[in-house]
Amino acid sequence: MNAYAMSASPPGGAPVVSDRLARNAMRHASERVIETLLFAAAAVSVLTTVGIVYVLVSESIHFFQNVSIVDFLTDTQWTPLFDDAHFGIMVLISGTLVSSAVALAVAIPMGTVIAIYLSEFANPKVREVAKPILELLGGIPTIVFGYFALLIVTPLLQKIFPELPGFSLLSAGLVMGIMIVPYVASLSEDAMRAVPMSLREGAYAMGSTRLYTALHVVVPAAFSGLAASYILGISRAVGETMILAVAAGMQPNLTWNPMEPAATITSYIVQVALGDLPHGSIGYQTIFAAGLTLLLITLLFNILGQWLRRRFRENY
Amino acid sequence: MQTASAPALKAEARNFNFFYGDVQALKNINMPIHDKKVTALIGPSGCGKSTYLRSFNRMHDLYPGNRYEGEIRFYPDNTNLLAPGVDPIEVRMRVGMVFQKPNPFPKSVFENVAYGLRVRGEKNRRALDDKVEAALKGAAIWDEVKDRLQDLATNLSGGQQQRLCIARALATDPELLLFDEPTSALDPIATGAIEELVHELKQRVTILIVTHNMQQAARVSDYTAYMYLGEMIEFGKTDDIFIKPQDKRTEDYITGRMG
């Protein structure tokens, strides 16, 4: 101990900063640079979000100077481009919710069943092949799904329901559900595989079958992860555009019946954005009001998802 | 085997070998498990004692590539637990297990204990209530949890969780109860409670316990088996094994010269 202490401060001289410390200072400088770069990268994404919200809100303020919020929320017609203009957003919200409900009615059960199969039943070889293929399905451009809905699913559905029109929320919603299945299945499977083996062993040791173990132990244990995957599915469904623009028809229609055609918030935005509306006109501003509504809906679901995750987070 | 003088047997390994893939983990084990007694398995890490324990409820069937050879006879019906025709689920219905790390399910205290009963198809609410209470009392945890039966089991302390897992195993009246180092994750006080419990439980159920702790083996068990490198080196009454071991290797291990 003493020998070290003496060599650190030379006898008689003032203590010097060792070169080891100097190198530390250098490292500190380079770490600062890296830290700044990383911060900048993070800041870009945050600032983009802030910018988008700013644009949506500021343009929407102009819109709400012309249209009262009460009319916006309660009017039952959406005819912003007509002489007799009405701005009832419920018309578009109904289309969004109905198509999303149809999609989730497909995606959540199918995704969960696939996840249970892959995580609890499939042997490792099957899983290694099946999961990438499943995830590939998530990489198909949605426009392809849209034409799949319009040209294949709708005619098939019309054989069952002859009265089904050429454009419908049902057909678009079903295909949207198929599109979302991989997201739900993949995330749910991750959540279930994260359940520790000791819990499964405990369940098997009590004499449970695979199915009983999966349903009564693994699924409840993974519930917070499952909820997160469902919320992601909902966000995808609410925000999906092309499938609905292609296969659901674009006429605003206040309906809760999936057998009818209807516009959704997203398909309305696409329709109007492609037209030649003069900048600053009321029609132009509806895009932002609709966009803000969409943002608020997805925000709501994200908050719900966060809450579910916290509420059901398991300490295994 | 069952002569008049010898105590009754609950199970018996005969020429039992076990393989993880191509690796032989257990070599020609022959050993009796006496009825309503506590049998301890001791030996250094990797000696195969947990592997042996987990053969009694066919846990190895959960993972591919494992293979049993020989027999584990289960009495009084003289079933070979390892026979290909025997359903591992049937085996696990009769043989309970408590694990090294407490593994309560993410359910309420009540549902944890009722789990095995529900697996066996019990739906009658009154019967469930009674059996859950009896099991919790049997595991000496009733007084601590009777007012929080609907709380999440994962919120209990480690020692309580382990006793809950014992209650969970007891609720279905197993004939043989396997303990896989049940106190290695617990503090000394919780360990003492579990040991006391093991001592009481042998009135009702045959117990096979793996432990790293030789004092524990000496305290709780009636019979002790010393295993080394997948072989059963010595088996006998616990007092005999600890006071006058026959095999040099057993003596070295017990006196702390090895392991």
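These notebook entries record what I looked up in a predicted model of two chains, A and B.

**Entry 1. Confidence in chain A**

I began with the confidence scores. The mean pLDDT of chain A is 88, and 91% of the residues score at least 70. I then went through the elements of chain A: helix α1 (residues 2-8) has the lowest mean pLDDT, 44, while helix α4 (residues 90-121) has the highest, 95. Over residues 1-10 of chain A the pLDDT is below 50, and beyond near neighbours in sequence this stretch has 2 contacts in the model.

**Entry 2. Fold and dimensions of chain A**

I counted 13 helices and 0 strands in chain A. Read from the N terminus, the elements run α-α-α-α-α-α-α-α-α-α-α-α-α. For the dimensions, I noted that the C-alpha atoms fill a box of roughly 100 × 65 × 35 Å along the principal axes. The radius of gyration of chain A is 28 Å, whereas a compact globule of 316 residues would have one near 20 Å. Buried residues account for 40% of the 316 residues in chain A. I also checked the sequence separation of contacts: among those in chain A between residues at least 6 apart, 74% join residues at least 24 apart.

**Entry 3. Fold and dimensions of chain B**

I repeated the survey for chain B, which has 10 helices and 10 strands. Its radius of gyration is 18 Å, close to the 18 Å that the globule rule gives for 259 residues, so chain B is as compact as a globular protein of that length. The box filled by the C-alpha atoms of chain B is roughly 55 × 40 × 40 Å, again along the principal axes. I found that 46% of the 259 residues in chain B are buried. Among contacts in chain B between residues at least 6 apart in sequence, the share joining residues at least 24 apart is 67%.

**Entry 4. The interface**

I next asked how many residues of each chain are in contact with the other. The count is 16 residues of chain A and 18 residues of chain B. On the side of chain A that touches chain B, α8 (197-205) and α9 (210-221) each supply at least two residues. The most comes from α8(A), with 6 residues. By class, I recorded 8 nonpolar, 6 polar and 2 charged residues on this side of chain A.

**Entry 5. Helix α8 of chain A**

Given its part in the interface, I looked at α8(A) by residue. Buried in this helix are L199(A), R200(A), G202(A), A203(A), Y204(A) and A205(A). What do the buried residues of α8(A) pack against? I found α9 of chain A on one hand, and α2 (88-94) and β6 (95-98) of chain B on the other. After α8(A) comes G207(A), which has a positive phi, near 95°.

**Entry 6. The largest nonpolar core**

I then traced the largest nonpolar core, which has 152 residues. The members that touch the most other members are V175(A), I243(A), A247(A) and A167(B). Helix α7 (residues 169-193) of chain A contributes the largest share of this core, 16 residues. For A167(B) I listed the contacts, leaving aside neighbours within four places in sequence: V113(B), A135(B), L136(B), G138(B), A139(B) and I141(B).

**Entry 7. Backbone geometry in chain B**

I closed with the backbone angles of chain B. The peptide bond from Y75(B) to P76(B) is cis, with omega near 10°. I located P76(B) in the loop between β4 (66-74) and β5 (79-80) of chain B.

I also noted two residues other than glycine with a positive phi. For N28(B), phi is near 45°, and the residue sits in strand β2 (residues 23-34) of chain B. Is N28(B) buried, partly exposed or exposed? It has 15 other C-beta atoms within 10 Å; the limits are 20 or more for buried and 12 or fewer for exposed, so N28(B) is partly exposed.

For A140(B), phi is about 55°. This residue belongs to the loop between α4 (125-138) and α5 (142-145) of chain B. With 17 C-beta neighbours inside 10 Å, A140(B) also counts as partly exposed.

Definitions and conventions. Residues are numbered from 1 along each chain as its sequence is written. Chains are lettered from A and ligands numbered from 1 in the order in which they are written. This is a predicted model: local features need pLDDT of at least 70, side-chain atom pairs count only at pLDDT 80 or more; totals for chains, interfaces and linings use all residues. Two residues are in contact if their C-beta atoms, placed from the backbone, lie within 7 Å. Helices (H or I, at least four residues) and strands (E, at least two) are DSSP runs, numbered from the N terminus. Ala, Val, Leu, Ile, Met, Phe, Trp, Tyr, Cys and Pro count as nonpolar, Asp, Glu, Lys and Arg as charged, and the others, Gly among them, as polar. The radius of gyration is taken over C-alpha atoms; the globule rule is 2.2 Å times the number of residues to the power 0.38. A nonpolar core is a set of buried Ala, Val, Leu, Ile, Met, Phe, Trp, Tyr and Cys residues joined through C-beta atoms within 7 Å. pLDDT is the predictor's confidence in each residue, from 0 to 100.
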